[in-house]
Number of protein chains: 2
Amino acid sequence: MLSDPIARTRRFHRAVTTEAGVLDASFLGRGRPLGPARVLNAIGRGISDIGEIRAYLRLDSGLMSRLLRGLEEEGLVTVESSETDARRRSVALTEAGAAEFAAYEALSDKQAADIVARHPHPEVLLQAMDIVATALGFERTTIEIVSPLDPRAIVCLEAYYAELARRLKSGFDVNLSADPEARDMEHPRGAFLLAMQDGMPIGCIGLKGTDKGYAELKRLWIAPTARGMGLAQRMMREAEAKARDLGIACLRLDTNSVLSDAVAMYHKLGWSEIERFNEDPYPDLFFEKRL
Amino acid sequence: MLSDPIARTRRFHRAVTTEAGVLDASFLGRGRPLGPARVLNAIGRGISDIGEIRAYLRLDSGLMSRLLRGLEEEGLVTVESSETDARRRSVALTEAGAAEFAAYEALSDKQAADIVARHPHPEVLLQAMDIVATALGFERTTIEIVSPLDPRAIVCLEAYYAELARRLKSGFDVNLSADPEARDMEHPRGAFLLAMQDGMPIGCIGLKGTDKGYAELKRLWIAPTARGMGLAQRMMREAEAKARDLGIACLRLDTNSVLSDAVAMYHKLGWSEIERFNEDPYPDLFFEKRL
DNA sequence: GAATTTACCTGACTTTAGTCAGAAATATTT
DNA sequence: AAATATTTCTGACTAAAGTCAGGTAAATTC
């Protein structure tokens, strides 16, 4: 009973679905039926194309149309034909609509804050929620190419630096390391890949172009609560594919032997150990892969 | 973003509610609307009194009545007047109804198994789910008095012994310890209290009657994923209250100094350290409280 | 340029969920 | 014994969600 995976999972389901009644409360808390509330929130989250909203919420086209008419009559949204394809239509929030969406957001935030506040050790609960969210939503993980200066990228990089400082015996000071310049990790010299899931960044990797006949993979980091799911390998493969797209023939990376899981993965993915190729004080292992 | 409690909680919510679409699938997966499916499952879980089902599912009496008629017409349930109060009615599954309920159970089990099977490290996910379930459902925790031979009690006791064996330097062999006899922990000599939440035992404590002028508290255990929530204190208080009900004037307990959290709690709850009062090899600290 | 497809809309419909007032039978209180 | 309360049922209703068969206009294919 305490160890049976099925009993435990079903108990989890019971617990969250009773709690999910509360979630619906945040969607029903403004005196509007669930249908229009869901559509309004989809628009607020940035989906403007009607067809996309329909697919996202799995609504029949007739129903969708009526829900939109309702929101239009409330003065919350405006609908107009798309410029590129006059059959398609796109929706935007009016000022009143934006205010209404903000009110829904405030309700959801409050509800989230309440859940955390009830717990005597919030960080324990939050980490558990991260693990569950990552596991349940793993197939929804997308890998985006963003600027290394994107706030979501910076969040990951800071977590990466903090972890290195914790794990390396010598500590880690980003100023002593050769921190890649942003434009070396942007098109056309390189790229910065971010793993996103349900709106949360859970991993990153940088592809840094150089003028030395090879490019480097830098800043591979996976959120602790997302480890063990094979995401690092996926990020590596995507980064290698991106390098090929950019016409890069040779990749290098440096790492520290403390990060034994990473080292094992590099071997597994066909990387070969080579001689030190830079003067950075932190790495002690160096790899290369020809594409 | 990575550390913001609200963003993390909302991401969790999104992840589980998209997944909860799957949950509904287990209730909708047999071609029956949600209403009758919920009623059938409530009956299957052992609630037979119509009024109780109504309260449990929060259904209007008219709606309830109609849903039951529907299930009756399907040949899944039989309704008859209660013997003690002819106004009340109680429901039972027919053979076909029991089969249908079993089919729903199989769907839920399969869904639970799928979630676990998808994860490369199931135990990590399961522990996280336990923590979340405990946190979200904490107000639903009930403390029941059961026989120490109840399977749910035995599950807890085995976890307790396993943990002692792990934490005590000398190991722990239940055969060398003075294991209380079941009838010393049953009415009228004592009691065995079990903390249950959403169908899962998450803690226990035994009140053991003796003929020596005092009773003992034994086998206090809280599931690791439920610790830090104050449940141990609640169990202690309930056990003390139960002791008072049984006319017990003095309580004792023994413990080991390794279990420092427990020792701190005993002090906090007004227990005083006393001299060794038994020859059990494992404890090295002894407490007493007069009621 | 005619035929087909796509995207959205409209109107007519069904199903599901839920509400409410009152009826009937039984229990409880006075 | 009468009055009141409780439990369930029935009928008449509403709201919300969802379905389906066209219809229109624009885009795409042949």
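Guide: Asp, Glu, Lys and Arg count as charged. Ala, Val, Leu, Ile, Met, Phe, Trp, Tyr, Cys and Pro count as nonpolar, and the others, Gly among them, as polar. Keep those classes in mind. The model is predicted.

Visitor: How does the surface near DNA strand D divide by class?

Guide: That surface has nine charged, six nonpolar and five polar residues.

Visitor: What makes a residue count as near DNA strand D, and which are the closest?

Guide: One of its heavy atoms must lie within 4 Å of the strand. 20 residues surround DNA strand D. The closest are A:Arg66, B:Ser65, B:Arg66, B:Arg87 and B:Arg89. Both chains are in that list.

Visitor: Which part of DNA strand D lies within 4 Å of the protein?

Guide: Of the strand's atoms in that range, 67% belong to sugar or phosphate. The rest belong to bases.

Visitor: Why is the pair of A:Gly35 and DNA strand D called a polar contact?

Guide: The cut-off for a pair of N or O atoms is 3.5 Å. A polar backbone atom of A:Gly35 is 3.2 Å from a phosphate oxygen of the strand. The pair is within the cut-off, so it is a polar contact.

Visitor: What makes B:Arg69 count too?

Guide: An N or O atom in the side chain of B:Arg69 is 3.3 Å from a phosphate oxygen of DNA strand D. The limit is 3.5 Å, so this pair also counts.

Visitor: Which elements supply the surface near DNA strand D?

Guide: Helix H2 (34-44) and helix H4 (61-73) of chain A each give two or more residues. So do helix H3 (50-57) and helix H4 (61-73) of chain B. The largest share, five residues, comes from H4(B).

Visitor: Now the other strand. Which residues are closest to DNA strand C?

Guide: They are A:Arg89, B:Gly35, B:Arg66, B:Ala86 and B:Arg87. In total, 20 residues surround DNA strand C. By class they divide into six nonpolar, five polar and nine charged.

Visitor: How do you know that A:Arg66 makes a polar contact with DNA strand C?

Guide: Check the distance. An N or O atom in the side chain of A:Arg66 is 3.0 Å from a base oxygen of the strand. That is within 3.5 Å, so the pair is a polar contact.

Visitor: Which parts of DNA strand C do A:Ser61 and A:Arg89 meet?

Guide: The side chain of A:Ser61 has an N or O atom 3.3 Å from a base nitrogen. For A:Arg89, the partner is a phosphate oxygen, 2.9 Å away. Helix H3 (50-57) and H4 of chain A give two or more residues each to the surface near this strand, as do helix H2 (34-44) and H4 of chain B. H4(A) gives the most, with five residues.

Visitor: Why is the pair B:Arg10 and A:Asp109 called a salt bridge?

Guide: The rule needs a side-chain nitrogen of Lys or Arg within 4 Å of a carboxyl oxygen of Asp or Glu. Here the closest N and O atoms are 2.9 Å apart. The pair is an Arg and an Asp, and the distance is within 4 Å, so it is a salt bridge. The rule finds ten salt bridges across the interface of chain A and chain B.

Visitor: Which elements of chain A touch chain B?

Guide: Helix H1 (5-28), helix H5 (95-117), helix H6 (122-136), helix H7 (151-167) and strand S5 (200-209) each supply at least two residues. H1(A) gives the most, with 17 residues. The residues on this side of chain A divide into 33 nonpolar, twelve polar and 15 charged.

Visitor: How many residues take part in the contact, and what area is buried?

Guide: Chain A brings 60 residues and chain B brings 61. The buried area is about 5,800 Å². Carbon and sulfur atoms give 68% of that area.

Visitor: What sort of peptide bond joins A:His187 to A:Pro188, cis or trans?

Guide: That bond is cis, with omega near 5 degrees. Most peptide bonds are trans. A:Pro188 sits in the loop between H7 and strand S4 (191-197) of chain A. In chain B, the bond from B:His187 to B:Pro188 is cis as well, with omega near 5 degrees.

Visitor: What is the phi of A:Arg58?

Guide: Phi is near 55 degrees, a positive value in a residue other than glycine. Most residues other than glycine have a negative phi. A:Arg58 lies in the loop between H3 and H4 of chain A.

Note on methods: Residues numbered from 1 in each chain as written. Chains lettered and ligands numbered in written order. Predicted model: local features only at pLDDT ≥ 70, side-chain atom pairs only at ≥ 80, totals over all residues. Heavy atoms only, no water. Contact = heavy atoms within 4.5 Å. Buried area = accessible area lost by both parts, 1.4 Å probe. Helix = DSSP H or I, 4+ residues; strand = E, 2+ residues; numbered from the N terminus. Polar contact = N/O pair within 3.5 Å; in protein donor to acceptor, adjacent residues only side chain to side chain.
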